[in-house]
Amino acid sequence: MCSVISRVKPVSRALALTLRLRGSAEGSSYSAALSRRSYPGASRGVEPLTVSSRRYCSRMAPTQGLLFRQLFEAESSTYTYLLADSETKDAVLIDPVLETIDRDLKLVDELGLNLTVAVNTHCHADHITSTGLMKKRLLGLKSAISKFSGASADILLAEGDKIPFGKHYLTVRNTPGHTDGCVTLVSSDQAMAFTGDALLIRGCGRTDFQQGSSTRLYESVHQKIFTLPDHCLIYPAHDYTGRTVSTVGEERKFNPRLTKSLEEFVKIMENLNLPKPSKIDISVPANLVCGIHEV
């Protein structure tokens, strides 16, 4: 098994950012507004769950010996995922958010875990990652992101790289289209896939900024995600209506955008008319330097 932990590139810039937590009511209204804009054409026969007030939830991992937690940040409707080997306690954190750094580090400490890598599935536009600040507070932690993202990190990921933690590992699949540096992280037994913004539950990431390409996104999902087993669980970076998980088979059958032909998909994406993310001018520059940003 090929490890990428040894590929290290130091981050040169540093800063202190003020943390704040939004109230659940504000997060709920923000999420509801986004959901109305982000899922045109979705089936109206399924009532979404409203769970924006939760701060984190526990889910059973389908893989033996794997500890798994799905966490939620209400303002940006972002999911953060914590995975660990239940025996060695080595752990990986996916898509951590600056506002929830205290919550995440507290959980890591409570569970007695050795967090080795914090990885971002892409350079986010709607929130600032906590990886840079987390490295300052947790000795030995390394940050990771795709080498095509243009961002700084200790580990620059490429297709086929493996991120090990104990006897488990995540395999990197390049899934560009939302951005050039989007990756999907697949568990070693292909039971779980962390798709970032490439594939959402009954949706997908937008393609109208940050090197977005509808054609590339369509090809990425169909070639790198829809080729996984039907039972493979899909865990996205966001959900705006309270859904927590899907499967490859379910999305291949019911996703209102990606079940269409390429030509139809491109037309859908061209006519979303979504507003500019409110934090993009702050988040992208900060995330390009691992979330550590000079003011």
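This briefing walks through the sheet, cores, helices, salt bridges and a few individual residues of the structure above. Please keep in mind that the model is a predicted one. One feature to look for is an open sheet of six strands, and another is a set of 15 salt bridges. The nonpolar side chains include a largest core of 24 residues and a second, separate core of 20 residues.

**The sheet**

- Going across the open sheet, the six strands come in the order 8-9-10-11-14-15, and their pairing is mixed.
- Strand 8 (162-165) and strand 15 (246-247) form the edges, each pairing on one side only.
- Within the sheet, strand 11 (residues 192-196) runs parallel to strand 14 (residues 233-236), and four bridges join the two.
- If you want a place to start looking at that pair, phenylalanine 194 stands opposite tyrosine 235 of strand 14.
- As background, the strands of a sheet pair through backbone hydrogen bonds, in either a parallel or an antiparallel way.

**The nonpolar cores**

- Which members of the largest nonpolar core touch the most other members? They are Leu83, Ile94, Val119, Ile163, Leu170, Leu185 and Phe194, out of 24 residues.
- Phe194 therefore appears twice in this briefing: as a well-connected core member, and as the residue opposite tyrosine 235.
- A second core, separate from the largest one, has 20 residues, among them Leu93, Leu115, Leu133 and Met134.
- In soluble globular proteins, nonpolar side chains tend to be buried together.

**Helices 4 and 2**

- Helix 4 is 12 residues long and spans 16 Å from its first C-alpha to its last, close to the 16 Å expected at 1.5 Å a residue.
- Ser214, Leu217, Tyr218, Ser220, Val221 and Ile225 are the buried residues of helix 4.
- Viewed down the axis of helix 4, these buried residues fall within an arc of 160°, so they line one face of the helix.
- The general rule behind such patterns is that an α-helix has 3.6 residues a turn, so residues three or four places apart point the same way.
- Helix 2 has buried residues too: Ile101, Arg103, Asp104, Leu105, Leu107 and Val108.
- After helix 2 comes glycine 112, with a positive phi near 65°.

**Salt bridges**

- Lysine 279 and glutamate 99 form one of the salt bridges, with their closest N and O atoms 3.4 Å apart.
- Lysine 279 sits in the loop between helix 6 (262-270) and helix 7 (280-287), while glutamate 99 sits in the loop between strand 4 (90-94) and helix 2 (101-110), so this pair ties together parts that are 180 residues apart in sequence.
- Glutamate 99 counts as buried because its relative accessibility is 13%, under the 20% cut-off.
- Glu75 joins Glu99 and Lys279 in a network of salt bridges.
- Arginine 137 and aspartate 102 meet through their side chains in another salt bridge, 2.9 Å from N to O.
- Since arginine 137 is in helix 3 (residues 131-137) and aspartate 102 in helix 2, the pair ties together parts that are 35 residues apart in sequence.
- Arginine 137 is partly exposed at 44% relative accessible area, and aspartate 102 is partly exposed at 45%.
- The side chains of aspartate 180 and arginine 216 also meet in a salt bridge, at 2.9 Å from N to O.
- Aspartate 180 belongs to the loop between strand 9 (168-174) and strand 10 (183-187), and arginine 216 to helix 4 (residues 214-225), so parts 36 residues apart in sequence are tied together.
- Aspartate 180 is partly exposed at 29%, and arginine 216 is partly exposed at 37%.

**A buried glutamine**

- Glutamine 70 belongs to strand 2 (residues 66-73).
- Is glutamine 70 buried or exposed? Glutamine 70 is buried, with a relative accessible area of 0%.
- The glutamine 70 side chain makes a polar contact with the side chain of tyrosine 81 at 3.4 Å, and reaches the backbone oxygen of threonine 244 at 2.8 Å.

**Positive phi outside glycine**

- Most residues other than glycine have a negative phi.
- Arginine 202 is not a glycine, yet its phi is positive at about 60°.
- You will find arginine 202 in the loop between strand 12 (199-200) and strand 13 (203-204), where arginine 202 counts as buried at 17% relative accessibility.
- Glutamine 211 also has a positive phi, near 60°.
- Glutamine 211 lies in the loop between strand 13 and helix 4 and is partly exposed, at 43% relative accessibility.

How values were computed. Residues numbered from 1 in each chain as written. Predicted model: local features only at pLDDT ≥ 70, side-chain atom pairs only at ≥ 80, totals over all residues. Heavy atoms only, no water. Buried < 20%, exposed > 50% of the residue type's maximum accessible area, 1.4 Å probe, protein only. Polar contact = N/O pair within 3.5 Å; in protein donor to acceptor, adjacent residues only side chain to side chain. Salt bridge = Lys/Arg side-chain N within 4 Å of Asp/Glu carboxyl O. Pairing = 2+ DSSP bridges. Core = buried A, V, L, I, M, F, W, Y, C linked by side-chain atoms within 4.5 Å. Expected span 1.5 Å × (residues − 1). Arc of directions from axis to C-beta.
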